[in-house]
Amino acid sequence: MSFKKQENQMIEVCTRLLTEGEVDVVIGFSSDQLGGCAIPSFIRKPLDVKDLKWDDTCTPNLAKYVIERKEKVAIIAKPCDARALVMYQIENQIDRNHVYIIGMECPGMKLSDGTPAPGCQECTVRTPPIFDILIEADKIQTFEVSELSSNRENSKTSFVESSMEWELEDRLKRFQDEMQKCILCFSCRQACYGCYCKTCFIERDVPNWLPQDLDISTKMMFHLGRAMHLAGRCVECGACERVCPSGVKIRYLIQELTDLCHEQYGYRAGMDMNETPAMATFSLGDREIGFLGGDQNES
Ligand code: SF4
Ligand code: SF4
């Protein structure tokens, strides 16, 4: 099985890196001991490398653990982790000389019940766009078509199905229905590589963005604010949806912006180190198009 072969190679590489002192810590995955999905793991001694695992439950995006780390790290990077690392480098959040990227070709991860993990369902990136060493899979087997219940081309019930064609009240209802479930625990923000501000806008008290009454408008403000901050930066890892304790499916909103950026500017976050992010550049000829309104230059 391809995973086992990749795991053996990964262990070999990590043992060498730690033994030769090339890195101080390896950030990877290990078993959660309860039979659930793999959990993040920090390995500092060559003898402990055997605890690392690589299988189809390695769902967490590990990139965030690299930020502000002073020591030299090696990180096990799926394509979505690697895309986040590309963004960190572009956004000056990491010193690339201190980060050794062990890229893993990835067929898509699964949840503990065997269903495709959010983000993996519609992912088309199987090889990390950046790595120092690539551990290839023998044969990348993606999910069967029947499993792709959310494939954006094939499914009418897809969470990424664009709601832009819907009537305004239907769009609002969809958004409000998801908001009713949200308990504002902020797990989605904590799991997202892209949310690394020391003080999130929602926690600033001048003005007070987070009032005492946690009504639906507060939740809408948080999620709309987060969506705007992630516009053109989402690496489509699905972490926000996977960690939500309330089953809120709000990723479609950010996905709308991701698709819009791709359609309008041909830009997908984290795919190319040398590409300037769509929202970090402009030209005077840009059309003022956005999800809040129509094309401002139409008339
Ligand atoms: S993780 Fe879920 S419940 Fe928590 S703030 Fe995010 S959407 Fe709301
Ligand atoms: S918004 Fe969600 S899918 Fe996008 S990068 Fe953040 S956690 Fe991943």
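Reader: Leaving aside its neighbours within four places in sequence, which residues is Phe201 in contact with?
Author: This is a predicted model. Phe201 is found in the loop between helix 4 (187-191) and helix 5. Contact here requires C-beta atoms within 7 Å. Beyond four places in sequence, the contacts of Phe201 are Trp209 and Gly225.

Reader: Is Phe201 buried, partly exposed or exposed?
Author: Count the other C-beta atoms within 10 Å of Phe201: there are 14. A buried residue needs 20 or more, and an exposed one has 12 or fewer. Phe201 is therefore partly exposed.

Reader: What separates the C-alpha atoms of Phe201 and Arg226?
Author: Along the chain, Phe201 and Arg226 are 25 residues apart. In space, their C-alpha atoms are separated by 8.9 Å.

Reader: How are helix 3 and helix 5 oriented to each other?
Author: Helix 3 and helix 5 pack with their axes 9 Å apart. The angle between them is about 105°. Angles of 65 to 115 degrees count as perpendicular, roughly. So helix 3 and helix 5 are roughly perpendicular.

Reader: Which residues in helix 5 meet helix 3, and how does the contact divide by residue class?
Author: Helix 3 brings Phe175, Gln176, Met179 and Gln180. From helix 5 come Ile216, Lys219, Met220 and His223. The residues of this contact divide into 4 nonpolar, 3 polar and 1 charged. The helix 5 residues asked for are Ile216, Lys219, Met220 and His223.

Reader: Are helix 5 and helix 7 roughly parallel or roughly antiparallel?
Author: Helix 5 spans residues 216-230 and packs against helix 7 at about 30°, with axes 9 Å apart. Angles under 35 degrees count as roughly parallel. The two helices, 5 and 7, are therefore roughly parallel.

Reader: Is the crossing of helix 5 and helix 7 left-handed or right-handed, and which residues meet there?
Author: In helix 5, the residues are His223, Ala227 and Leu230. They meet Leu253, Ile254 and Leu257 in helix 7. The residues of this contact divide into 5 nonpolar, 1 polar and no charged. The crossing of helix 5 and helix 7 is right-handed.

Reader: Which residues come nearest to ligand 2, and which elements give two or more residues to its shell?
Author: The shell around ligand 2 has 15 residues, and Cys192, Cys234, Cys237, Ala239 and Cys240 come nearest. The elements giving two or more residues are helix 6 (239-243) and helix 7 (251-265).

Reader: How do the shell residues around ligand 2 divide into nonpolar, polar and charged?
Author: Cys counts as nonpolar here, and so does Ala. Cys192 and Ala239 are among the nearest residues to ligand 2. The whole shell divides into 10 nonpolar, 3 polar and 2 charged.

Reader: Why does Leu62 count as buried, and what does it contact beyond four places in sequence?
Author: Leu62 lies in the loop between strand 2 (39-43) and strand 3 (73-77). The cut-off for buried is 20 or more C-beta atoms within 10 Å. Leu62 is buried because it has 22. Its contacts beyond four places are Ile27, Pro40, Ile75, Ile76 and Asp81.

Reader: What is the phi of Asn92, and is Asn92 buried or exposed?
Author: Most residues other than glycine have a negative phi. Asn92 lies in the loop between helix 2 (79-90) and strand 4 (99-104). With 7 C-beta neighbours inside 10 Å, Asn92 counts as exposed. Its phi is positive, about 60°.

Reader: What is the phi of Phe186?
Author: Phe186 is found in the loop between helix 3 (168-181) and helix 4. It has 15 C-beta neighbours inside 10 Å, so it counts as partly exposed. Though not a glycine, Phe186 has a positive phi of about 70°.

Terms used. Residues numbered from 1 in each chain as written. Chains lettered and ligands numbered in written order. Predicted model: local features only at pLDDT ≥ 70, side-chain atom pairs only at ≥ 80, totals over all residues. Helix = DSSP H or I, 4+ residues; strand = E, 2+ residues; numbered from the N terminus. Contact = placed C-beta atoms within 7 Å. Near = placed C-beta within 6 Å. Axes fitted to C-alpha atoms, helices over the stretch in contact; angles between N-to-C directions. Parallel < 35°, antiparallel > 145°, perpendicular 65-115°, else oblique. Left-handed = near helix turned anticlockwise from the far one by under 90°.
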